[in-house]
Amino acid sequence: MPKALITGITGQDGSHLADFLLEKGYEVVGMVRRTSTINFDRIRHIQDRVTIVQGDLLDQVSIIHILQDHHPEEVFNLAAQSFVPTSWQQPVLTGEFTALGVTRMLDAVRTVDKNIRFYQASSSEMFGKVQEVPQRETTPFYPRSPYGVAKVYGHWITINYRESYNLFACSGILFNHEGPRRGLEFVTHKITNSVARIKLGLATELRLGNLESRRDWGWAPDYVRAMWLMLQQDHPDDYVVATGETHSVREFCQEAFSYVGLDWEKHVIVDPNFYRPAEVDMLVGDPSKARRVLGWQPSVNFRELVHLMVDADLAALHQTGNHTPHVG
Ligand code: NDP
Ligand code: GDR
C-alpha cells in the first residue's frame, strides 16, 4: 500500500486530496498544527481512515520526526497561509509559512529520504501583473502581494532542491479552484453563500470589493488529481493547471444570483474596504502541457461550478437552518 503525507490536510485541497488518495488505496498521513479548538470539519467523514500527526511548518524538527516515523513515499506540501489579504496584515508570518516552510519541508525530505517524491503547491498568484496572456510554465513572474512573493520563493526553492540534490520535486502552478469546501472568505464561496442566504430570506446584501478582477476558476477535486499525476511521471517537472477560461467577479455574481432567480444588482454593494493594496487584474492559464503530458483536463466548467456551489450552500442551509461552513 503506497503511503502519502499531506501537509494542510484540514484545508480545502488537503481534504480533497485525502479523499482521492484513499480511493486509490493509499495510506494517508495528515500533518496538522496544534490549536486549542480542533477544526476537522473538512475531514470528519474520513477521520477514522487517515492518520493524523502533529507538526508545524514553523518547526523543522516536527517535520523530520514525521518523515522518520511514517516513511511516506510521497509528500504533498499544501499547508500555507493562503488568504491573499492576510498576507498584507501578516507579511512576515506569511513568509515564514508559505516561503520558508517549503525549505523546511524540502530539507527534511533531503535529510530523511531522498527518494521521497515531493509536490509543492505553487500558485497563479506568482504571475500577478501578467507578462503574457495566457500564462504558461515559462511566463515570467510578477507577484503583487506578500503571498505571491512568498509563493515565488517556494516555487524556486523547489526547483533548486530538484537541481541541487536530484530530488523528485514537482511544482504545480495551480489557478484558482473552488467548491463547497472553499473557505468562506474567498470570493466564490462568499458569493454563493450570500446568494443562498438572500434566497432564503436570511440576508439582504452582499458587500464585495473589486468586481472587475478576472480569474480562471476551476473545480477543486479536478486539481488534486493533477497533483497526484505529477508525482506518477518518470521525471519531475512543473505544470500549469487551469481551465483556460477567465471570468470576472461581476460575471460570477450574475451567474450565481440569476441561477436562483435574483437580480444581483439589487443586492451587491461595492465596499472599498475589500479592495487590495495591489490587485491581480486578470489571470488565465494555458493548461496544454498538463493535458499533453499528464492527460489532465477539467471536468466542470464555469457555469457548472457556480451552480454546484450555490446548490451546496442552499442544501447546507436547508439542513442546518444556519450555514455550516466547510462541509461539502
Ligand atoms: P486552505 O487555506 O484551505 O488550507 C491551508 C492549510 O494549511 C490548512 O490545513 C491549514 O491548517 C494549513 N496550515 C497553515 N499554516 C500551517 C502551519 N504553520 N503548519 C501546518 N499547517 C498549516 O488552502 P487550500 O486548500 O485552498 O490551498 C492548498 C495550498 O494550495 C496552499 O498552499 C495554497 O496557497 C495553494 N494554492 C491554492 C489554490 C486554490 O485556488 N485553492 C490555488 C493555488 C495554490 P489550519 O486548518 O490549522 O488552518
Ligand atoms: P485569490 O482569491 O486572491 O485569487 O487567491 P480570492 O477569492 O480571495 O479573490 C479573487 C478576486 O476577487 C476579488 N474580490 C474579493 N475577494 C475576496 N476574498 N473578498 C471580496 O469581498 C472580494 N471582492 C472582490 C479579489 O480582489 C480578487 O481579485 C486564491 C487563494 O486560494 C490563493 O491561495 C491561491 O494561490 C490563488 O487563489 C490562486
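In which sense do strand 5 and strand 6 pair, and over how many bridges? They pair in the parallel sense, over 7 bridges. Before I go on, please keep in mind that this is a predicted model.

Let me place those two strands. Strand 5 covers residues 117-123, and strand 6 covers residues 168-174. One bridge to look at is the one between Ser123 and Leu174. Between the two strands the chain passes through helix 5, residues 146-165, and this β-α-β crossover is right-handed.

Strand 6 has another partner. Strand 11, residues 238-241, runs parallel to strand 6, and 4 bridges join them. Here Ile173 stands opposite Val240.

Is strand 6 mostly covered or mostly open? Mostly covered: 7 of its 7 residues are buried. That holds for both faces. On one side you have Phe168, Cys170, Gly172 and Leu174, and on the other Ala169, Ser171 and Ile173.

Now to the ligands, beginning with ligand 1. There are 24 residues around ligand 1, and the nearest are Thr10, Asp13, Arg33, Ser82 and Tyr147. By class, this shell has 10 nonpolar, 9 polar and 5 charged residues.

Some contacts use the backbone. A backbone N or O atom of Gly11 is 3.0 Å from an oxygen atom of ligand 1, and for Ala80 the corresponding distance to a ligand oxygen is 3.3 Å. Arg182 uses its side chain instead: a polar atom there lies 3.2 Å from a nitrogen atom of ligand 1. On its own, ligand 1 exposes 900 Å², and the protein buries 88% of that.

Which elements give two or more residues to this shell? They are helix 1, residues 12-23, together with strand 5 and helix 5. Strand 5 gives the most, with 3 residues. So much for ligand 1.

Ligand 2 has 22 residues around it. Ser82, Ser123, Tyr147, Arg276 and Glu279 come nearest. Ser82 and Tyr147 are also among the nearest residues to ligand 1, and Ser123 is the residue from the bridge with Leu174.

Three side chains have polar atoms close to oxygen atoms of ligand 2. For Tyr147 the distance is 2.5 Å, for Glu279 the distance is 2.6 Å, and for Lys190 the distance is 2.7 Å. Taken alone, ligand 2 has 710 Å² of accessible area, of which the protein covers 95%. The shell around ligand 2 divides into 8 nonpolar, 7 polar and 7 charged residues.

Notes
Residues are numbered from 1 along each chain as its sequence is written. Chains are lettered from A and ligands numbered from 1 in the order in which they are written. This is a predicted model: local features need pLDDT of at least 70, side-chain atom pairs count only at pLDDT 80 or more; totals for chains, interfaces and linings use all residues. Side-chain values use heavy atoms; hydrogens and water are left out. Buried means under 20% relative accessible area, exposed over 50%, partly exposed in between (1.4 Å probe, protein chains only). Helices (H or I, at least four residues) and strands (E, at least two) are DSSP runs, numbered from the N terminus. Two strands pair if DSSP finds at least two bridges between them. A crossover is right-handed if, with the strands pointing away from the viewer, the path from the first strand over the helix to the second runs clockwise. A residue is near a molecule or strand if one of its heavy atoms lies within 4 Å of it. A polar contact is a pair of N or O atoms within 3.5 Å; within protein, one must be able to donate a hydrogen and the other to accept it, and residues adjacent in sequence count only if both atoms are side-chain atoms. Accessible areas come from the Shrake-Rupley method with a 1.4 Å probe; for residues, only the protein chains shown count as cover. Ala, Val, Leu, Ile, Met, Phe, Trp, Tyr, Cys and Pro count as nonpolar, Asp, Glu, Lys and Arg as charged, and the others, Gly among them, as polar.
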